[in-house]
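User: Hi! I've got a protein here and I'd like to understand its pockets and its core. Can you walk me through it?

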Amino acid sequence: MADLLESFRAVVAALDEARVPFAVCGGLAMSIHARPRATIDIDLLAPAEAIPTLAAALEPLGFARREREPSRLAGGAVIMHRLTRVLVGDPDVLVLDVIEVGSGASAQAWSGRETVRWEGRPMTVVSRRGLVALKRLRNSPQDRADIAALEEQ
């Protein structure tokens, strides 16, 4: 599989260059806020109107939408757009999930986002509180472990 951190750097640079508003969430945000954690994808939060520009900005990196419609999760409370990158000669696919800012937890996470320094540059990430709200929606065993780690610090 392609180096996730290298791919993440390229995604952040492309979105910054295109001036697309986004915030990092998921496992990468967990690594920023609490402790490094293994993850196999990139998760972002973005306003609905920014998603077409976000997708276009990532096309040169090989990311494309494979599904016509976004997924609706958590009883329809979460709208998720999936972009995937397939590299020639690599059997693995890199997944980039974009959660659309709507109401409830995603709106809370978006309104509480923070700017942090990452590798010498500013980057927007959901706050601890916002990350907990998003993780409570799915509530998987991994999410519950992440919530515990976020709340203990």
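User: What classes of residue make up the lining of the largest pocket?
Analyst: In this predicted model, that lining has 14 nonpolar, 8 charged and 4 polar residues.

User: Cool, how much space lies in there?
Analyst: The largest pocket holds about 550 Å³. Of its 26 lining residues, G26, D43, I99, R138 and D143 are the closest to the centre.

User: And which element gives the largest share of the lining?
Analyst: That's α5, with 5 residues. Other elements that each supply at least two include α2 (26-33), β2 (41-47) and α6 (141-152).

User: Switching topic: which residues touch the most other members of the largest nonpolar core?
Analyst: Out of 47 residues in that core, they are L15, V24, L44, L45, L54, L96 and V126. Helix α1, residues 4-17, contributes the most, with 6 residues. As a general point, nonpolar side chains in soluble globular proteins tend to be buried together.

User: Let's zoom in on L44. What is it in contact with, leaving aside neighbours within four places in sequence?
Analyst: Quite a list: V11, L15, F22, A23, V24, C25, L54, L96, D97, V98 and I99.

User: L54 is in α3, right? Which residues of α3 are buried?
Analyst: Yes, α3 covers residues 51-58, and I51, L54, A55, A57 and L58 are buried there.

User: Why are those on the same side of α3?
Analyst: Because they cover an arc of only 160° around the axis.

User: So what covers them?
Analyst: The cover includes α1, β2, β3 (63-65), β5 and β6.

Methods
Residues numbered from 1 in each chain as written. Predicted model: local features only at pLDDT ≥ 70, side-chain atom pairs only at ≥ 80, totals over all residues. Heavy atoms only, no water. 1 Å grid on protein atoms, 1.4 Å probe; cavity = no way out; pocket = protein on both sides within 12 Å on 5 of 7 lines; lining within 4 Å. Points joined across faces, edges and corners; volume = space filled by probe spheres on them. Helix = DSSP H or I, 4+ residues; strand = E, 2+ residues; numbered from the N terminus. Nonpolar A, V, L, I, M, F, W, Y, C, P; charged D, E, K, R; others polar. Core = buried A, V, L, I, M, F, W, Y, C linked by side-chain atoms within 4.5 Å. Buried < 20%, exposed > 50% of the residue type's maximum accessible area, 1.4 Å probe, protein only. Contact = heavy atoms within 4.5 Å. Arc of directions from axis to C-beta.
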